[in-house]
Every structure is written in structure tokens, then in C-alpha cells.
Amino acid sequence: MEIILPPKLNGTRSEHIAADAPAHMVIIGANGAGKTRFTSNIIESLGSKAVRISALEGLYGQGTDHDDKRPPTLDSLLSRLMQDEMRNLIGYKLAMAEGKKTELRRTRLDRVIEIWQDVFPDNRMLIESGKILFSRGMDESAYSALRLSDGERAVLYHTASALYAPGGSVVFVDSPELFLHPTLTVSLWNRLEILRRDCIFCYTTHDPEFASSRNGAPIIWVRDCDPSTSTWDYDILPAQSGIPSEIYISLAGARKPLLFIEGDSQRSIDAKLYPLIFPDMMVRSLGSCNKVIESTRTFNDLSALHKMDSMGIVDRDRRDDTEVAYLRRKNIMVPDVAEIENILLIEDVVRAMASWCGKYPDRVFGKVRKTIMSLFRAELHAQALQHTRHKVKRLIEYRVDARFADINTLEKHLHELPDILNPRQTYEEFCRTFRRYIDSDDYQSVLRVFNQKSMVTSCNVAPLCGFKNKDEYIAGVIKLLGTNRPEAAAIRTAVKHCLGLPTPPPPAE
């Protein structure tokens, strides 16, 4: 089967996708990009071969005025399941009464019950008095589908809808992730695709994680549309795998530049801080620094296609100036502090927080500075050792990853490694450098090399600013950044400067 895609905004001819069951495809785009109309155009071109599934419409009857191919409702599907079940039972009884040797065949209802109870193992589907009822756990009381959660009803709806799709049809699924947990969404549609190998599934979504889970599927990125001419700005994305594909897809329809950061999107300081420092960017948390580096590189390599800018931020993590300069050339910013917590201790940040809390900035920062310099002096040798280990490890990786003509060359090279690495000399150099920071009271350089997770607590910046603890201090920084106060602007400028980004000059007196 060949699926004809709608005409493009630039006047080029409509594209075609060859699709034979079993197969699937994904249409992705931001809200307002026109992906629903785009899908409707394809449905119209396929005529009777197209089937629509929409949990929102099926459960709540919320349709669209430009789409005349209505999906079934949950009530109608449950009625059809019971009618088919009754016809199957009556046919079986008639055959038995006539003495014919027959077996009670599996029905669509049997398959729905099997899948639904696999997804929700503590729940049961029951047939009582010609009705489909449900029960939960040890509770023997039965209830109707009206008392099911949205997620439970969505699984029921999707399964029954997929089973009633005519053989050889293209099944268009609106928002397949709606009402469902992400892990449940992927496993459910994997199973339904296997169950209906004779159909082609086409998903319309704005969820990048679900889109990337359809391995090998053509993914159509709808960026914009002109309703008056029924034309669209779209591209068929190149086949990719792993994180680069997922990140590339996740930006479909985004109107803001991208900022990739480390950490967890819910709990990390990065995810709370950077969206407020860069309000004009869309911030995505990716977990590890390697994912940030690879995703930024990949997305910028494809900039000719998506025409959007992206930037990454990774912790310094004892990187030297050469590594930092290399990453910054790749549009991956590295703060001039050892880790994210140290940003909260930058002089201008501490002074802004003290001022906002009605404290004396000079007094607060003076005490914070004195404590941190004292802590660093006490841990100088331990910090020098950590930096030495990091440098030696990086050097070993670089040397061992080189190409060798034979095993003898590799063996000779490894024997020379101790002299090349010279860890004691490296350690002593770090010690001398760190002592120089202490002797010159170079606070900013100490923040750049001092890796100590408890430093925000140990330096007492929170109580000095009037907060009970570190968490309240961090929450205070986040709260301040949500305002338009001059202290918030000062923090933004300080953080951008710390990242090596250009900052506007102060206003003229």
C-alpha cells in the first residue's frame, strides 16, 4: 500500500510512503502545528481503508469540526463485544443441538479480557446478565465501566477498537499516550500491533518518548500549516536509533531554542534553576553529561533540517581548561564552578540573596567566603588527589584508545605509561596551584575546583540569609528567580557569566 502525504507549503509535490502490514508510522508536531488536520487529510485520501481511534473522543465524545470520520465510542464497542459474544454462544448451542461436532471459538471479548487483565492483574472482567462488569482485588462487588479510571477505560477502548478494525486497514490513533503511564503505553501498543499484524498503525502524537519507541517507523515531523491552502511544512525524519533519535524527535514543533542539561527533570537543581536563567529556551533534562554532549552535537548537526538552535550545559567535573574550551566551541557550556551546587555560592548570587532577604550583603558574603576558604584549606590534599585521579584516568583513556599496529607496540606503550602519567608530579602541581588560590584568597578559583556536595550546608549561607537549611535556601533562589526584581536579574547575569556566555553591560549611571 502507498500512503500519499498532503501537499507542502513550498509548493513541492506530495510525498509518498510505502507501507505494508505489519508496519506503523508516526506523525509528530507541537500543539498548533497542524498535525491533526494533516492526519485528517491522509484519512480522507484513504477512504474506507482508514479507521480512526481516539480515546478522548471515544470516552468523552470530544470531536473536531473538520474531521468527519468519527471514531467509535466505548459504549458502542462494549455493546458490539456483547453482541458478538451472544451470537457466538447461540451459534455454538444450535450446532450442538443439531448434533454437529464443534468447539466454542475464541471471540474478541476473550482477547479483550486477556489483555485487560494482563495490564491490570488485580482486576477482573465479568459477564453478568448480558453485561460487562468489573471487580478489583478481593472485592466481590461488581461495577460498570463508568467506575473505571481513565487509564483503565483507555486500555479497554484501545484494545476493542484495534480488534474491530477491518483487515488490511490503516488504523489512525490520536494521542496513543493519553490517560496512560509511559511504560504502559509502549507495552500496550506493542501488543496491539502484534495482535493486528494485518493492519498498519499510524500514530499522531506530541510525545517524543512514545514516538521514539516505534523503532524503524517513518516519523513525519509537522512544523506548520496553512489552513487556507491545505498545505503543510513537514519532513520525513531520517531513520535513527538511541538517544540522538529520541532527542531529535522531541523537538518537533518546538518554537524555542533548546537547552539540554544534566540531572533528573523532577528533582535536580539543574532542572529547577536553568529554566529560570534561560526563560526563552526550552530546557530538557537528559540525565548524564554524555547524553547532553551527544544530543547537542547531533541536534546541531541536523540544524539545516530543523532550523533551530540548541545548547548544552554540563558540570565541570574536574575538566581542565583545554576540555572546557573544546566543549564550549561545540556549544556545550561548562560553568566556571566545580558543580551545580557551587553556582549557589557565586559571590553575586550570595549578595543578591542576602539583599533580597534584608541582610547585609558584605557581612553575609564575607562570612561565606571565609568559611569556604577554610574548608578548602583543610581538604587541599584530598582535593588535589581527586583532581590527579581524574587527570590520570583521562590520560590513560586517551593513550589506550590510540591505534596500535600490533600487540608488541601496545605492550611497549603500556610499559611506558607510568613515566608518561607521572601521577606524583601531577599531584604536586595541583597542590601548588591550590595553595596559591588560598594564599591569594582567590574565592572564584576555589569554587571552580572544590568538589564538595556538603559545601552549601557547611558554609552556613542558608542561616546567614535567614533560611533554616540548604533546601530552603535553594527554594529561595528559585522563588527569587521567578520575580522581576533586580536581585533576580543579578543572579541571571552572574550564572550566564559563570557559563562563559556574554552578558549585557550594566546600565549607565
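Six strands make up an open sheet in this predicted model, lined up in the order S4-S7-S8-S3-S9-S10 with mixed pairing. Strands S4 (50–54) and S10 (231–236) sit at the edges with a single partner strand each, so one side of each has no neighbour in the sheet. From one strand to the next, the twist averages 25°. Around that sheet, here's a tour of the rest.

**The chain overall**

- There are 23 helices and 14 strands in the chain.
- Of its 509 residues, 45% count as buried.
- Take the contacts between residues at least 6 apart in sequence: 67% of them join residues at least 24 apart.

**The six-stranded sheet, at its S4 edge**

- S4 runs parallel to strand S7 (residues 170–174), and five bridges join the two.
- If you want a register to check, Ala-50 stands opposite Val-170 in S7.
- As a reminder for reading side chains here, in a regular strand they alternate between the two faces of the sheet.

**The other edge, and the loop before S10**

- Ser-230 sits in the loop between strand S9 (219–226) and S10.
- The phi of Ser-230 is near 55°, which is a positive value in a residue other than glycine.
- With a relative accessible area of 35%, Ser-230 is partly exposed, because it falls between the 20% limit for buried and the 50% limit for exposed.

**The four-stranded sheet**

- Four strands form another open sheet, ordered S12-S11-S13-S14, and here the pairing is parallel.
- The edges belong to strand S12 (282–285) and strand S14 (332–333); each has a single partner strand, so one side of each is left without a neighbour in the sheet.
- Strand S11 (residues 258–261) and S12 run parallel and are joined by four bridges.
- Within that pair, Phe-260 stands opposite Arg-284 in S12.
- Helix H9 lies across S11, S12 and strand S13 (310–313), and runs at about 155° to S11.

**H9 against H22**

- Two packed helices are described by the angle between their axes and the distance between the axes.
- For helix H9 (residues 269–277) and helix H22 (residues 470–481), the angle is about 20° and the axes are 9 Å apart.
- That angle makes H9 roughly parallel to H22, because angles under 35 degrees count that way.
- H9 passes H22 in a left-handed crossing.
- On the H9 side, the contact uses Ile-269, Lys-272, Leu-273, Leu-276 and Ile-277; on the H22 side, it uses Ile-474, Val-477, Ile-478 and Leu-481.
- Sorted by class, the contact of H9 with H22 has eight nonpolar, no polar and one charged residues.

**H14 against H15**

- Helix H14 (residues 347–356) packs on helix H15 (residues 361–378) at an angle of about 135°, with their axes 8 Å apart.
- H14 and H15 are therefore oblique to each other, because angles have to be over 145 degrees to count as roughly antiparallel.
- H14 passes H15 in a right-handed crossing.
- H14 brings Glu-347, Val-350, Arg-351, Ala-354 and Ser-355 to the contact, while H15 brings Pro-361, Asp-362, Val-364, Phe-365, Val-368 and Arg-369.
- By class, the contact of H14 with H15 has six nonpolar, one polar and four charged residues.

**The S5–S6 hairpin**

- Strand S5 (residues 123–128) and strand S6 (residues 131–136) run antiparallel, with six bridges joining them.
- The two form a hairpin with two residues between them.
- Ser-129, in the turn, has a positive phi of about 55°.
- Across the pair, Arg-124 stands opposite Ser-135 in S6.

**Two single residues worth a click**

- Asp-441 is found in the loop between helix H18 (423–439) and helix H19 (443–449).
- The phi of Asp-441 is near 55°, a positive value in a residue other than glycine, and Asp-441 is partly exposed at a relative accessible area of 36%.
- Leu-195 lies in helix H6 (residues 182–195) and counts as partly exposed at 31% relative accessibility.
- Leaving out residues up to four places away in sequence, Leu-195 touches Arg-111, Ile-115 and Leu-163.
- Leu-195 and Arg-111 are 84 residues apart along the chain, and their C-alpha atoms are separated by 9.4 Å.

Key: Residues are numbered from 1 along each chain as its sequence is written. This is a predicted model: local features need pLDDT of at least 70, side-chain atom pairs count only at pLDDT 80 or more; totals for chains, interfaces and linings use all residues. Side-chain values use heavy atoms; hydrogens and water are left out. Two strands pair if DSSP finds at least two bridges between them. Axes are lines fitted to C-alpha atoms, for helices over the stretch in contact, and angles run from 0 to 180 degrees between N-to-C directions. Angles under 35 degrees count as roughly parallel, over 145 as roughly antiparallel, 65 to 115 as roughly perpendicular and the rest as oblique. A crossing is left-handed if the near helix is turned anticlockwise from the far one by less than a right angle, and right-handed if clockwise. Contact means heavy atoms within 4.5 Å. Ala, Val, Leu, Ile, Met, Phe, Trp, Tyr, Cys and Pro count as nonpolar, Asp, Glu, Lys and Arg as charged, and the others, Gly among them, as polar. Buried means under 20% relative accessible area, exposed over 50%, partly exposed in between (1.4 Å probe, protein chains only).
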